[in-house]
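Hi,

Here is the structure I promised to pass on. Have a look at it first, then read my notes below.

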Amino acid sequence: MSNTLEFEAKVLLSEQEYSSLLELFSNSLPYVQVNHYVDTIDLTLRKNKVSLRIREKDDCNELTLKTLIPGGGRQETTDLINDEQKESLKNGVSFPEGEVKRVLESLGYDVSNLEIVASLKTKRMDLEYLGGTLSLDENHYSDILDYEIEYESESLAKAELILGALLESKDIKFIPNKTTKTA
């Protein structure tokens, strides 16, 4: 189980903008992750600016809950879950015991009403950049393909400043993506 603070700035990109940024990641190995977003059928978590996902990456399953904190960031609570727990949650059988369940219930959510509402497959490259992490994504969900860049830092202001300056140097407009799939 982990508890961390997350401050990130994100920008949706065109395919051309994505291609122009690939050179920055020439020494980065791409990897694939699949996120399954969990919510009620009427998106109660999303409406309350809470997100819950199962991330499959490198033969590992992470169940992550994100809640808003002051300063524009998110509190992340993550439990590692095994394949059996993942399949049980995906199939609506049971919610894994752990810190994520405890926090959800302390916030008043009934975990028995949660189900997979969307899935997103991402090809990602990461780069340590000016004290934070820069990630370049190619996202596939439903019949949609999109591109995104994000920068994670110790504050939202710093993340936006650094990502904005990088994009400006590449003649790309800095338009923060506030409605990203990983909200």
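**Tyrosines, a helix and a pocket**

Tyrosine 129 has a relative accessible area of 22%, so it counts as partly exposed, because buried would need a value under 20%. Keep in mind as you read that this is a predicted model.

What does tyrosine 129 pair with? Its partner is tyrosine 151: the ring centres are 6.2 Å apart and the planes meet at 85°, so the pair is edge-to-face. The pair joins distant parts of the chain, with tyrosine 129 in strand β6 (residues 115–129) and tyrosine 151 in strand β8, 22 residues apart. Unlike its partly exposed partner, tyrosine 151 is buried, at a relative accessible area of 0%.

Searching the whole structure turns up 2 aromatic pairs. In the other one, the rings of tyrosine 18 and tyrosine 147 have centres 4.5 Å apart and planes at 35°, so this pair is tilted. Tyrosine 18 sits in helix α1 (residues 15–21) and tyrosine 147 in strand β8 (residues 144–153), which puts them 129 residues apart. Are these two buried or exposed? Both tyrosine 18 and tyrosine 147 are buried.

Next, find helix α4 (residues 99–106). Its buried residues include Val100, Val103 and Leu104, along with Glu99 and Lys101. What do the buried residues of α4 pack against? They pack against β1 (2–13), α2 (44–47), β3 (50–57), β4 (60–69) and β5 (73–81). After α4 comes glycine 108, with a positive phi near 95°.

Strand β5 is also home to threonine 78, which counts as buried at 10% relative accessibility. Its side chain makes a polar contact with the side chain of threonine 64, at 2.9 Å. If you skip neighbours within four places in sequence, threonine 78 touches Met1, Ser2, Glu62, Leu63, Thr64 and Val100. Val100 is one of the buried residues of α4.

Last, have a look at the second largest pocket, which holds about 410 Å³ of space. Its lining has 23 residues, and Arg53, Arg55, Glu76, Arg124 and Glu152 lie nearest the centre. Which element gives the largest share of the lining? That is β1, with 5 residues. By class, the lining has 13 charged, 8 polar and 2 nonpolar residues. Strands β6 and β8, where tyrosine 129 and tyrosine 151 sit, are among the elements that give two or more residues to this lining.

Have fun clicking around!

How values were computed
Residues numbered from 1 in each chain as written. Predicted model: local features only at pLDDT ≥ 70, side-chain atom pairs only at ≥ 80, totals over all residues. Heavy atoms only, no water. Phe/Tyr/Trp six-rings, centres within 6.5 Å; stacked < 30°, edge-to-face > 60°. Helix = DSSP H or I, 4+ residues; strand = E, 2+ residues; numbered from the N terminus. Buried < 20%, exposed > 50% of the residue type's maximum accessible area, 1.4 Å probe, protein only. Contact = heavy atoms within 4.5 Å. Polar contact = N/O pair within 3.5 Å; in protein donor to acceptor, adjacent residues only side chain to side chain. 1 Å grid on protein atoms, 1.4 Å probe; cavity = no way out; pocket = protein on both sides within 12 Å on 5 of 7 lines; lining within 4 Å. Points joined across faces, edges and corners; volume = space filled by probe spheres on them. Nonpolar A, V, L, I, M, F, W, Y, C, P; charged D, E, K, R; others polar.
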